[in-house]
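Please find below some short points on the structure, set out for a reader who is new to such models. They may be read alongside the sequence.

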Amino acid sequence: MHNKTINDTHIGDIGQHQGLYVPEPPYRPGEVNDFSHVYIPPVSASKMPPFTAKPNDITDLAYGLIRVLDEDANAGGEWHINIEDDILIKGLKDMLLTRMFDERMQLMHRVGKISFYMKCTGEEAISVAHSLAIDDEDMVFPSYRNQGILISRGQRLIDLMCQCLSNVKDNCKGRQLPIMYSFKNLNFFSISGNLATQFSQAVGWAMAEARKRGNRLATSFVGDGSTAELDFHSALNFAATYNPPVILNIVNNQWAISSSQRIAGGERTTFAARGIGFGLPSLRVDGNDFLAVYAASKWAADRARSGYGATLIEFFTYRVAPHSTSDDPSAYRPADEEKTWPLGDPIERLKAHLIKTGAWSEVLHKALIEDYTAMIKSQYKEAESYGTLKGGGRPDVTTMFEDVFEEMTPNLVRQRQELGL
Amino acid sequence: MAQMNMLEAILSAQKIMLERDDAVMIFGEDVGYFGGVFRATDGLQSQFGTERVFDTPISENGIIATAIGMSVNGIRPVAEIQFADYIYPAFDQIVSEASRLRYRSGGEFSTNITVRTPCGGGIRGGQTHSQSPEGIFTHVSGIKVVMPSTPYDAKGLLISAIESNDPVLFFEPKRLYNGPFYGNPDTPSVGWDSHDKGEVPEGYYSIPLGQADICRSGDAMTIITYGTMVHVVETAVKQTGVDAEIIDLRTLSPIDYDTIINSVNKTGRCLIAHEATKTGGFGAEILSIIQENCFWKLRAPIERVTGWDIPYPHAFEWEYFPGPHRVVDAINRIMEA
């Protein structure tokens, strides 16, 4: 049965008896891509248990696919919970702004204004809907493709831009690669750049919250590739052991730079199913379906806040963007792959749904794009006026030796003098 | 004042900090109900409850990662890694996360974790219960590295470590837990009641991080050491009758430049002794500091007495351990040069 419901071919079907088996993605550059092997259950197939359900009674959710929006942009199924139009429209706007912001920053990289960038194209619903389904007070331990959370929580674009420009207004003081944000004001933890380390930290944060009898939860994100890291397993283990209020999210976007999710062991079973061995409730969700992401995140948040502990969620999506500006996907996957992704585009799907329900229109959408275009342009112009990495306006170099420790240590004092500062 | 061995001093420091600061939480493998395999947390869970003192899964990575996460949520975690030899699964969390969090976030986030871990050999522990990996961590910017050599220092330094808003790695030379070790395994063990620094105040006190201790003043030469080797060096100095100044670093990072430089400039001769392996060890850093700052005052080549560059061998423990005879030979060479 599971053969039919997981997302990929089953290793056991391959019948490999000799030699070392090394998984390959189904198609490589030059081949005609075909996602027909990806099984998409109908919207009606996903049962929605109460959030108080026992993990062992709902293991089927780790192998299915929670969906709300069908191919015709109609909402249905048990996971179709009541979400106010205001939230849906905000979600649509935030996703659109995230995508447009990404495009602008990618362009700024191309013209040499910033040194690096990572877009989240196609994955906007995961950050934005999740963010809207939890509280702004909840602590996010992000991965590097969660800019949608910052935008949804209302961080000014100019603050993100200044970080990417490593200029005098960069709140990370020019110490981090572009997009490795840290925004304590928005309960958004410092992005490491080392993969999955934040996953187990989120569990620790939630353990502290449990001891404090607080009502906040922690949420964290990793990619499909990073589930192979030690920290992923530590996180699930500690979450299972101590039952803290945490949501552990896997963004399965099919690709870890050039390695398909099969290289992370994604061929045998689903990533959500990793949680079953730990006794954690584990959901597998259409990550391109805003309504499904919202409902699943809300379910996990309600569960965490009610003392039922952690939930593991796999958001099944597709990385439309290159890994980063240093990456060229045409070297390892078919050029048109993203166009054939069977679960569509999250913005287009929500937009179509809201137009169908009468909450949105093409006219409003077009006007919004115009507004955002002008806003991004003016914010970027202002951000650049504070400086760029190459063009002057970097943070004061004397700050380079600060914040290594709370107080500067004698070796750093000496070295700062040696540099002549 | 009370008589305490080093374990009792470490236990006392933790108990005091649990009493003084509700944010302190203590955890690690076997530290809860059982009180730790060395008994360094004995009785703390029954006194302070399971939410503040508890057992963890056998996951050093998870222990340090969750400690970091807790610290971001207002907790002051004290994590035990059962043996320093087992710290490596936590290496990424220590090096890439705890040590850099304040810096990389522009000072927005920081972590105050204290990581306690028994280190060093001389207990028939073989290569998995004897290592001294401090030099691996002194190479890392953003984390403080401490190694006491007496109960008095252990308590005062551990309290400072827990109070510090920076991450601190607190290495405990386990051969010194029950008494000073003078380097000869064939002589009967003595307890800390035989040593001045086995006298430990029962209440709160702290010793600042970053300050070395001159445990013997002298003019003929300087010996810079830390941990178990402090006592081995004292034995050797007594045997030679040389008027050596012995510096116990106590904190390796940040290092106390002034105490080292002033002493070597005064004596012109220097020996460095540590139990850890030689190549790339912390002794090399001390040696470089001296050469950079004291070269024109030196009257003899600087020497290092260290463990050999091999894993700690079970059957050849005392051939590995840099015992008093090796220190004596080095002292004599340096004095004759």
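**Notes on a helix, two domains and an interface**

1. In chain B of this predicted model, helix α9 spans residues 257–267, and its buried residues are Ile260(B), Ser263(B), Val264(B) and Thr267(B). Viewed down the axis of α9(B), these buried residues lie within an arc of 95 degrees, so they line one face of the helix. An α-helix has 3.6 residues a turn, so residues three or four places apart point the same way.

2. What covers these buried residues of α9(B)? The covering elements include β10 (221–225), β11 (244–248), β13 (270–277) and α10 (282–294) of chain B. Just after α9(B) comes Gly268(B), which takes a positive phi of about 75 degrees.

3. The domain assignment divides chain B into domain 1 (2–200) and domain 2 (213–336). Their C-alpha centres are 25 Å apart. Contact between them involves 29 residues of domain 1 of chain B and 29 residues of domain 2 of chain B. On the domain 1 side, the elements giving two or more residues are α6 (134–138), β6 (144–146) and α7 (151–163) of chain B. The residues of that side comprise 11 nonpolar, 13 polar and five charged.

4. Between the chains, 35 residues of chain A are in contact with 37 residues of chain B. On the chain A side, two or more residues come from each of α7 (197–211), α8 (230–242) and α12 (410–418) of chain A. The largest share, 11 residues, is given by α7(A). By type, the chain A side divides into 12 nonpolar, 15 polar and eight charged residues.

Notes:
Residues numbered from 1 in each chain as written. Chains lettered and ligands numbered in written order. Predicted model: local features only at pLDDT ≥ 70, side-chain atom pairs only at ≥ 80, totals over all residues. Domains from an automatic or database assignment. Contact = placed C-beta atoms within 7 Å. Helix = DSSP H or I, 4+ residues; strand = E, 2+ residues; numbered from the N terminus. Nonpolar A, V, L, I, M, F, W, Y, C, P; charged D, E, K, R; others polar. Buried ≥ 20, exposed ≤ 12 C-beta atoms within 10 Å, placed from the backbone. Arc of directions from axis to C-beta.
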